[in-house]
Amino acid sequence: EKILIFNKIDSTNEYLKENYKKLPNGTVVVATTQTNGKGRYGKNWASPEGGLWFSILLKPRKPQPGDFYTKISSLALINILKKYGINARIKWPNDIYVNKKKLCGILTEAVYKGELEAVIIGIGLNVNNEIPEHLKNTAISIKQLIERRINPLRFLNNFLKKLRTLHAKYKNTPTLLTENWKKYLLFKEGDRIIINNREILILKIEKDYMIVQDCLTIKSIRSIHELEGTV
Ligand code: BTN
């Protein structure tokens, strides 16, 4: 496996999108800092020194559905975090949360040129980095949780090993993967949760949307694609 480490780069996902053709399957790109880190929906992703900002390039011969890669990544992250004494959950659709705060975000992107040419799994994990002031109420780092610094590259190594195991374990059993992924969800079907001061009931969780009902106006059943706002 090829690992490229950059001191400073715009975005590890962008780097792989531009260079995937000449790089082998399984290449990992890590950056100490990103100047233009990207979150989902075009949001900016703060990437100061001390965090673990990386992307994995896959060139699957037999591609899996898009959510497969995010799901095995979430499960691998939760497994490794546990080894560091951290009990994390998946905040649907694909954030890793601890104590109601975001520890990690995943941005999986696909490159199509007529057919699928590459899958890029981008992962941003708050490790030893400071959380920017405006995110302090909603984000947290490993350092804050266990009150010590850990080695980000060691974490990465453990994660990559686990990811490979889970890839092999679930590649022919997508239903089992979804079942196991559901076990780690922060909110489950039947839960009532408060988002932006409004209570909603989760009726059904699908792979890329969720059916919810507003508890105040019980008639309004709708589907949502993101849990936006403060929980
Ligand atoms: C999200 O929660 O919105 C996803 C955040 C993903 C951030 C990571 S950091 C490494 C990789 N490079 C990027 O520009 N983004 C992803």
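**Exercise 1. The ligand shell**

Task: In this predicted model, identify which residues come nearest to the ligand, which elements give two or more residues to the shell around the ligand, and how the shell divides by class.

Solution:
1. The ligand is surrounded by 21 residues, and those that come nearest are Ser-11, Gly-39, Gly-105, Gly-122 and Gly-124.
2. Two or more shell residues come from each of helix α1 (12-19) and strands β3 (52-58), β6 (101-113) and β7 (115-125).
3. By class, the shell holds 11 polar, six nonpolar and four charged residues. Glycine is counted here as polar.

**Exercise 2. The largest nonpolar core**

Task: Determine how many residues form the largest nonpolar core and which of them touch the most other members; then trace where the core residues come from and what Ala-88 touches.

Solution:
1. The largest nonpolar core has 53 residues, of which Ile-72, Leu-77, Ala-88, Ile-96 and Leu-103 touch the most other members.
2. Helix α2 (residues 66-83) supplies the largest share of this core, namely nine residues.
3. Domain 1 (3-183) and domain 2 (192-224) each contribute at least three residues to the core.
4. When residues up to four places away in sequence are not counted, Ala-88 touches Leu-77, Ile-78, Leu-81, Ile-96, Tyr-97, Val-98 and Leu-103.

**Exercise 3. Overall dimensions and fold content**

Task: Establish whether the radius of gyration of the protein agrees or disagrees with that of a compact globule, and describe the content of the fold.

Solution:
1. For 231 residues, the globule rule, 2.2 Å times the number of residues to the power 0.38, gives a radius of gyration near 17 Å.
2. The protein has 18 Å, which agrees with the expectation for a compact globule.
3. The C-alpha trace spans about 55 × 40 × 30 Å along the principal axes.
4. The protein contains five helices and 11 strands, and 34% of its 231 residues count as buried.
5. Among contacts with a separation of 6 or more, 56% join residues 24 or more positions apart.

**Exercise 4. Backbone features in loops**

Task: Locate the cis peptide bond at Pro-93, and state whether Tyr-41 and Glu-147, which have positive phi, are buried or exposed.

Solution:
1. The peptide bond from Trp-92 to Pro-93 is cis, with omega near 0°. Pro-93 belongs to the loop between β4 (89-91) and β5 (95-98).
2. Tyr-41 is not a glycine, yet it has a positive phi of about 55°. Tyr-41 lies in the loop between β2 (28-34) and β3.
3. A residue is exposed if 12 or fewer other C-beta atoms lie within 10 Å of its own. Tyr-41 has 9 such atoms and is therefore exposed.
4. Glu-147, also not a glycine, has a positive phi of about 55° and lies in the loop between α3 (142-146) and α4 (152-170).
5. Since Glu-147 has 7 other C-beta atoms within 10 Å, Glu-147 is exposed.

**Exercise 5. The two domains**

Task: State what distance separates the centres of domain 1 and domain 2, and how many residues of each domain are in contact with the other.

Solution:
1. The protein is divided into domain 1 (3-183) and domain 2 (192-224).
2. Taken over C-alpha atoms, the domain centres are separated by 27 Å.
3. Five residues of domain 1 are in contact with four residues of domain 2.
4. On the side of domain 1 that touches domain 2, two residues are nonpolar, one is polar and two are charged.

Methods
Residues are numbered from 1 along each chain as its sequence is written. This is a predicted model: local features need pLDDT of at least 70, side-chain atom pairs count only at pLDDT 80 or more; totals for chains, interfaces and linings use all residues. A residue is near a molecule or strand if its C-beta atom, placed from the backbone, lies within 6 Å of it. Helices (H or I, at least four residues) and strands (E, at least two) are DSSP runs, numbered from the N terminus. A nonpolar core is a set of buried Ala, Val, Leu, Ile, Met, Phe, Trp, Tyr and Cys residues joined through C-beta atoms within 7 Å. A residue is buried if 20 or more other C-beta atoms lie within 10 Å of its own, exposed if 12 or fewer, and partly exposed in between; C-beta atoms are placed from the backbone. Domain bounds come from an automatic or database domain assignment. Two residues are in contact if their C-beta atoms, placed from the backbone, lie within 7 Å.
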